[in-house]
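Trainee: Hi! Could you walk me through this protein before lunch? I'd like to learn how to read it piece by piece.

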Amino acid sequence: MAEPSNYGRVGEDEEEDEEIDETGYKTIKDAVLFAVDVSSSMLSKPPAIDAKGADKDTPTVAALKCAYLLMQQRIISNPHDMMGILLFGTEKSRFQGEDEHSRGGLTYPHCYLLTALDMPAAADVKRLRSLVEDEDDSAQLLVASGEQVSMANVLFCANQIFATKAPNFSSRRLFLVTDNDNPHASDKAARSAAAVRAKDLYDLGVIIELFPISRPDHGFNRAVFYDDIIYSTTPADPDAPAPITKASEASASSDGLTLLQSLLSNINSKSAPRRALFSNLAFEIAPGLKISVKGFIIIKRQEPVRTSYVYLNGEKAQIAIGSSSLLAEDTARTVEKVEVRKAFKFGGETISFSKEEMSAIRDFGEPVLRVIGFKPISMLPSWASVNKCTFIYPSEEEIIGSTRVFSALQQKLLKDQKMGVAWYIPRRNATPVLAAILPGAEHVEVDGKQITILPGDDRPTGDSTQVMPPGLWIHPLPYADDVRSPPDTTMVRSPDSLVDSMRTIISQIQLPGGIYNPKKYPNPSLQWFYRILQALALEEDLPEKPEDKTIPRYKQIHKRVGPYVEEWGNQLELEFAAWKKANQAKQPGSKRDAAHGEGHALAKRPKTASSAIPSDELTDGQMRALYEKNTVGKLTITELKSWLNTRNVKTYNLKKLELVNLVSEYFDRK
């Protein structure tokens with residue numbers, strides 16, 4: 001079952017709210033069961049084609065390879081998710097300890113549970129790898145049955161697996177891989193029984209995802225049988241992985257896509273669940289007008305996460321459970337949490353607060369997103385970005401009608417190019433911020449091109465995939481303390497001829513469509529870490545070097561813009577020489593003045609706070625005056641050491657910051 005998000009929890013000490021870690025997300029557990037057809041047609045190899053990337057494996061083996069790769073990915077990225085593999089149409093039968101030799105007959109004949117639905121372990125991955133790579137192992141198991149398998153039996157078997165192994169998971173999915181579009185062509189009762197079992201799965205909350213495979217001589221027709229048992233639905237938990245909207249297709253065509261790539265691309269597209277940052281946050285549009293919204297962080301940097309510590313000094317490696325306690329410095333006794341108070345230095349004094357006092361200081365009210373006004377979007381400067389944006393979407397769980405009000409506000413802001421200015425507290429104990437509420441238009445992809453749909457526009461005809469739904473974005477705004485003054489620089493404007501030449505270079509090396517798509521560039525450091533981890537866990541050979549798709553294609557770049565860059569470089573040298581000559585002519589004076597003018601400016605050193613006090617005559621009163629003004633750091637290291645040494649304080653091999661801290665501690669004790 002999904003765990004609740006941080007919003008709404010009581011009694012937790014959330015003190016570092018500026019950085020939101022992974023624990024702030026709503027955890028979604030996913031259970032995936034592969035059901036792979038092992039019929040004679042699924043075990044037939046595709047026709048031999050010399051084309052690069054053509055299919056060479058049978059559809060059944062290709063599907064098992066896909067499951068093997070997905071299991072490798074899940075065991076690292078989603079270790080708490082479950083995955084299993086069910087083969088149907090096999091000569092052998094096995095189901096949860098039951099096989100051909102069991103008494104009482106078989107409950108599910110011609111169904112072979114290859115991998116039980118459970119959290120994948122290294123042993124499961126090794127066994128599946130042996131099956132897909134060793135032809136002898138696959139030849140013994142992957143034998144088609146002479147009898148027709150009942151699809152009602154297959155679906156009821158999947159029902160039992162989900163009900164016993166993953167009863168409380170928020171996302172349960174059945175991946176059905178087959179090339180038989182009409183398994184019960186002449187048996188109306190079997191078709192009706194299969195529809196009943198599919199309805200049982202739907203009532204249980206299981207989503208059936210069909211991966212139809214077409215043969216060269218026969219195209220897969222979903223309308224014949226599977227449209228009656230595949231329900232177009234979404235998970236009961238809105239944060240669970242979304243179902244595939246477009247079914248995978250066969251790769252027997254000459255477009256270069258293999259069956260494995262086709263299946264894996266569809267599965268990987270939904271391997272990452274939608275993560276909710278907060279749920280049912282009050283969105284106060286006006287006094288007395290509230291709706292509820294959910295918030296999502298669309299982009300979050302992923303890093304390797306250590307899930308546990310391992311103790312290696314024993315007979316075998318063991319998971320170490322860490323514990324910590326506070327000790328008194330003088331007596332070494334254990335200090336209870338109720339005895340600890342937080343302290344802050346102010347004006348040389350140490351001021352402490354209890355836990356209750358700190359909670360009262362940090363309490364700015366209940367979590368809320370409250371609109372305090374509206375402004376044109378043009379008034380938002382590009383530099384006013386201090387934190388990641390949050391995508392919000394309406395939720396009907398708390399307040400009915402939130403979707404209609406939210407949609408009206410989003411369309412009005414988008415039409416008038418306005419933004420809301422709001423008081424924003426995402427969760428309890430969080431620091432309140434002022435935020436801009438920006439409208440976001442819907443983006444769909446049609447034939448590989450992204451199209452933005454504005455209010456009043458007609459939707460594109462044909463197949464389209466929604467890339468980004470319409471919604472609102474919470475854009476945190478900076479405070480006065482967050483804005484820094486820009487450095488004083490003298491900009492040299494380049495002539496128009498250089499700009500025009502550079503425009504030609506930039507136009508030649510743009511990304512496809514002029515858009516950066518992060519889905520095409522995996523993090524090389526993260527993937528390398530997972531690849532090493534996978535090799536160690538599965539006892540594979542260590543890879544030699546990582547695959548880095550971010551490395552520029554230097555040969556292609558040189559081929560496209562090499563001559564233009566050389567021409568631009570020569571032009572730059574000529575323009576710089578002309579600029580240098582013109583500026584030297586404007587500055588009167590000798591060569592000596594021109595060469596040493598900058599040196600004279602650097603030689604002038606401003607007076608520090610300690611320059612008026614001789615270093616050998618610093619008294620306690622003078623040092624205390626500097627301490628109270630918080631200017632001790634302006635003294636030199638020699639002055640600090642000389643003053644501390646006269647008071648028997650060791651200063652050997654200490655840095656300036658440590659010396660300043662010693663001075664502060666000296667006066668704190670007095």
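Mentor: Happy to. Let's begin with contacts: among those in the chain between residues at least 6 apart in sequence, 71% join residues at least 24 apart. Keep in mind that this is a predicted model.

Trainee: Okay. How many helices and strands does the chain have?

Mentor: There are 15 helices and 23 strands.

Trainee: And what share of the residues counts as buried?

Mentor: Of the chain's 670 residues, 34% count as buried.

Trainee: Let's look at the strands, then. Which strands make up the closed barrel?

Mentor: Seven of them, running 8-9-17-23-19-18-16, and the pairing is mixed. From one strand to the next, the twist averages 40°.

Trainee: What else touches that sheet?

Mentor: Helix 8 packs on it, touching strand 8 (276-286), strand 9 (289-296), strand 16 (368-376), strand 17, strand 18 (418-425), strand 19 (433-440) and strand 23. The direction of helix 8 makes about 70° with that of strand 23.

Trainee: Tell me about helix 8 itself. How many residues does it have?

Mentor: Helix 8 covers residues 402-416, so to speak its full 15 residues, and reaches 21 Å from its first C-alpha to its last, close to the 21 Å expected at 1.5 Å a residue.

Trainee: Which residues of helix 8 are buried?

Mentor: The buried ones are S402, F406, L409, Q410, L413 and L414. Looking down the axis of helix 8, you'd see its buried residues fall within an arc of 125°, so they line one face of the helix.

Trainee: Why would residues that aren't neighbors in sequence point the same way?

Mentor: An α-helix has 3.6 residues a turn, so residues three or four places apart point the same way.

Trainee: Nice. Which exposed residues sit on the face of helix 8 turned away from its buried side?

Mentor: R404 and K415. And just after helix 8, have a look at Q417, which takes a positive phi of about 55°.

Trainee: Back to the barrel. How does strand 23 pair with strand 17?

Mentor: Strand 17 (residues 390-394) and strand 23 (residues 471-476) run antiparallel, joined by three bridges. You can find I392 opposite L472 in strand 23, and T390 opposite I474.

Trainee: What about strand 19 and strand 23?

Mentor: Those two also pair in the antiparallel sense, over six bridges. Here A436 stands opposite H475 of strand 23.

Trainee: How much of strand 23 is buried?

Mentor: Five of its six residues are buried, so strand 23 is largely enclosed by the rest of the structure.

Trainee: What holds paired strands together in general?

Mentor: Strands of a sheet pair through backbone hydrogen bonds, either parallel or antiparallel.

Trainee: Which strands form the open sheet?

Mentor: Three strands do, in the order 21-20-22, with antiparallel pairing. Strand 21 (449-453) and strand 22 (465-468) are the edge strands, each pairing on one side only. The twist in this open sheet averages 35° from one strand to the next.

Trainee: How many bridges join strand 20 to strand 21?

Mentor: Five bridges link strand 20 (residues 442-446) to strand 21, and the two run antiparallel. To see the match-up, find E445, which stands opposite Q450 in strand 21.

Trainee: Switching topic: how many disulfides does a search of the whole structure find?

Mentor: Zero. Take C111: the closest cysteine sulfur, in C157, is 5.0 Å from its own sulfur, too far for a bond. The cut-off for a disulfide is a pair of cysteine sulfur atoms within 2.5 Å.

Trainee: Is C111 buried or exposed?

Mentor: C111 counts as buried, at 1% relative accessibility. C66 is buried too, with a relative accessible area of 1%.

Trainee: Now helix 15. How far does it reach?

Mentor: Helix 15 (residues 656-668) has 13 residues and reaches 18 Å from first C-alpha to last, close to the 18 Å expected at 1.5 Å a residue. Its buried residues are L659, V660, V663, S664, Y666 and F667. They cover an arc of only 155° around the axis, which puts them on the same side of helix 15.

Trainee: What covers those buried residues?

Mentor: The cover includes helix 13 (620-628) and helix 14 (637-645).

Trainee: One last stop: where is E567 found?

Mentor: E567 lies in helix 11 (residues 554-586), and it counts as exposed at 53% relative accessibility. E567 and S501 are 66 residues apart in sequence, yet 8.6 Å apart in space, C-alpha to C-alpha.

Terms used. Residues are numbered from 1 along each chain as its sequence is written. This is a predicted model: local features need pLDDT of at least 70, side-chain atom pairs count only at pLDDT 80 or more; totals for chains, interfaces and linings use all residues. Side-chain values use heavy atoms; hydrogens and water are left out. Helices (H or I, at least four residues) and strands (E, at least two) are DSSP runs, numbered from the N terminus. The expected span of a helix is 1.5 Å times one less than its number of residues. Buried means under 20% relative accessible area, exposed over 50%, partly exposed in between (1.4 Å probe, protein chains only). The arc is that of the directions from the helix axis to the C-beta atoms. Two strands pair if DSSP finds at least two bridges between them. Axes are lines fitted to C-alpha atoms, for helices over the stretch in contact, and angles run from 0 to 180 degrees between N-to-C directions. Contact means heavy atoms within 4.5 Å.
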